[in-house]
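I opened my notebook to write down, entry by entry, what I looked up in this structure.

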Amino acid sequence: MIRVTLPRFGRFDAWRQAARDLASARVPMEGVTWADPDTPPDLFGADPAPPPGDHPVIATQQFLQLARQVASHSDPERWSLLYGTLMRAQGDRRFLSNPADPMMDRLSRMAKSVRRDIHKMHAFVRFHELPSDGPRRAFGAWFEPEHPILEAGTPFFAKRFADMDWLIATPEGTARFDGDTIAYDDPAPRPDLPDDASHDLWQTYFANIFNPARIKTNAMRSEMPKKYWKNLPETRLIPDMLADAPRRVQAMRDAGATDAPAFAPKITARLRQQPDDSIPDTLEQAASQAARCTRCELCHAATQTVWGQGDPAARLMLVGEAPGDQEDLAGLPFVGPAGQLLHRTMAEAGLAPDRAWMTNAVKHFRFTPRGKRRLHQTPDRDHVDQCRWWLNLERRMVAPRLTVALGATAAFALTGNRKPLTPRRGLVEPARDGGPVLITWHPSLILRLPPDRAPAALAELRADLAQAVQMVA
């Protein structure tokens, strides 16, 4: 029986070289004993290893990656299992890609256990600050992993804490980092680590992120097994936090809002409505179907669909961009500041609002929340394209002799032309589905203009509306 003793650290590379030499001589799995430095000697001695043979040895990258992870497992048979897998692969490598193969299944589960243990090490190592004689701060930690993962798990800390010297002691050995390389030493008694003031800060943070309303003790023990608790300063807080959780949950209920927002009933009513895919015959049917529209994502945040309003037999249709905050809450178009300005300007131009059909190119409010405010956002092209189906229905059912496009979004929805609005203002262009479209300013633009420019823009809007009245007279 050949005995191969592997070093405590650098053991995978040592196993790889020894396995290559033995496999090249075609030494069977049963003819090799793999030992660690702490393995007792064989009672009957051991045979010397033969010299490397002439047989080629092939190992895939997939197998080597798996073997490197399995090498950090605590199973004493891991080396023999890996060597047996290597020997078997010299005749047929197809089983290496078969997860149902018993050997590959066992090795994969061992590798998964090692990866999980390394993840726990990265999560649960807690450093204590140590006295330092140099310019760099020094820290130390004690960790008790399930597997001998010290060599596999510590490079993470060298990258994460490159600006400090540290040591991590485990039952397997000790890793020391001095800013350049990691050195590994044999096992030593658990170091006496001093108290660290930063642990108090960590406990304060841990206590403040604890959510008493979402306690799942089984999941907590799965993610933070109790075997690690004795080395984690924050775990001493867990029993008291669990005991105090019912009181804190009740306090959260007592402090919570009791009244739903004013727009909540409209949203819930809309969500309870069933979709209707039939083609509507009237404006009333179209409005009812539009209230359940889900053609784009705006429906999920808006309070409700804002359908058109006015004279269903009007000769003139006015199309704006999209509802604003007040239109979204009221469910009516042009009731906010811009709408009020439009109504006054229409009256000055000789156009009664109830003698026109007033609507928007996009039927849902798009916004960005800022605290309790909802700031208007211009709809995207996709929103305009999805909502054009409703706009075309309105135009077909109202059949206006002239449509007024208020602003660039409405002009694009009606004509498909994305050119700048300034040279087109006051002109008549053909609509996508036929009929004339008069281009003018949106009243919200006038509200945003500086005082020295707003009067001129308002006069142009008034003149365009007066022109529209003359065109449909």
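The entries below concern a predicted model, and they go from a recorded domain to cores, salt bridges and a surface patch.

**Entry on the domain.** I began with the UniProt record, an unreviewed entry, which lists residues 307–466 as "domain: Uracil-DNA glycosylase-like". I then looked up this span in the model and found 39% helix and 20% strand, with the end C-alpha atoms 25 Å apart.

**Entry on the cores.** I looked for buried nonpolar residues next, and the largest nonpolar core has 53 residues, with Leu 316, Leu 318, Leu 342, Val 404 and Leu 465 having the most contacts inside it. I also noted a second, separate core of 31 residues, which includes Phe 12 and Leu 66. Going back to Leu 318, I found that the residues it touches include Leu 342, Met 346, Trp 357 and Val 404.

**Entry on salt bridges.** My search of the whole structure gave 30 salt bridges, and I followed two of them. The side chains of Arg 355 and Asp 311 meet with N and O 3.5 Å apart, and because these two residues lie in different loops, the pair ties together parts that are 44 residues apart in sequence. Arg 355 counts as exposed at 55% relative accessibility, whereas Asp 311 counts as buried at 15%. In the other bridge, Asp 328 and Arg 374 meet at 2.9 Å, N to O, and both residues are buried.

**Entry on the surface.** Which residues make the nonpolar surface patch of about 300 Å²? I found Trp 202, Tyr 205 and Ile 209; Tyr 205 is placed in helix H7 and is partly exposed, with a relative accessible area of 45%.

How values were computed
Residues are numbered from 1 along each chain as its sequence is written. This is a predicted model: local features need pLDDT of at least 70, side-chain atom pairs count only at pLDDT 80 or more; totals for chains, interfaces and linings use all residues. Side-chain values use heavy atoms; hydrogens and water are left out. UniProt positions are given in the numbering used here, feature names are shortened, and annotations may be inferred rather than shown by experiment. Helices (H or I, at least four residues) and strands (E, at least two) are DSSP runs, numbered from the N terminus. Patches are made of residues with over 30% relative accessible area and no salt bridge: like charges are joined within 9 Å, nonpolar side chains (Val, Leu, Ile, Met, Phe, Trp, Tyr) within 5 Å. Accessible areas come from the Shrake-Rupley method with a 1.4 Å probe; for residues, only the protein chains shown count as cover. A salt bridge is a side-chain nitrogen of Lys or Arg within 4 Å of a carboxyl oxygen of Asp or Glu. Buried means under 20% relative accessible area, exposed over 50%, partly exposed in between (1.4 Å probe, protein chains only). A nonpolar core is a set of buried Ala, Val, Leu, Ile, Met, Phe, Trp, Tyr and Cys residues joined through side-chain atoms within 4.5 Å. Contact means heavy atoms within 4.5 Å. Lists of a residue's contacts leave out its neighbours within four places in sequence.
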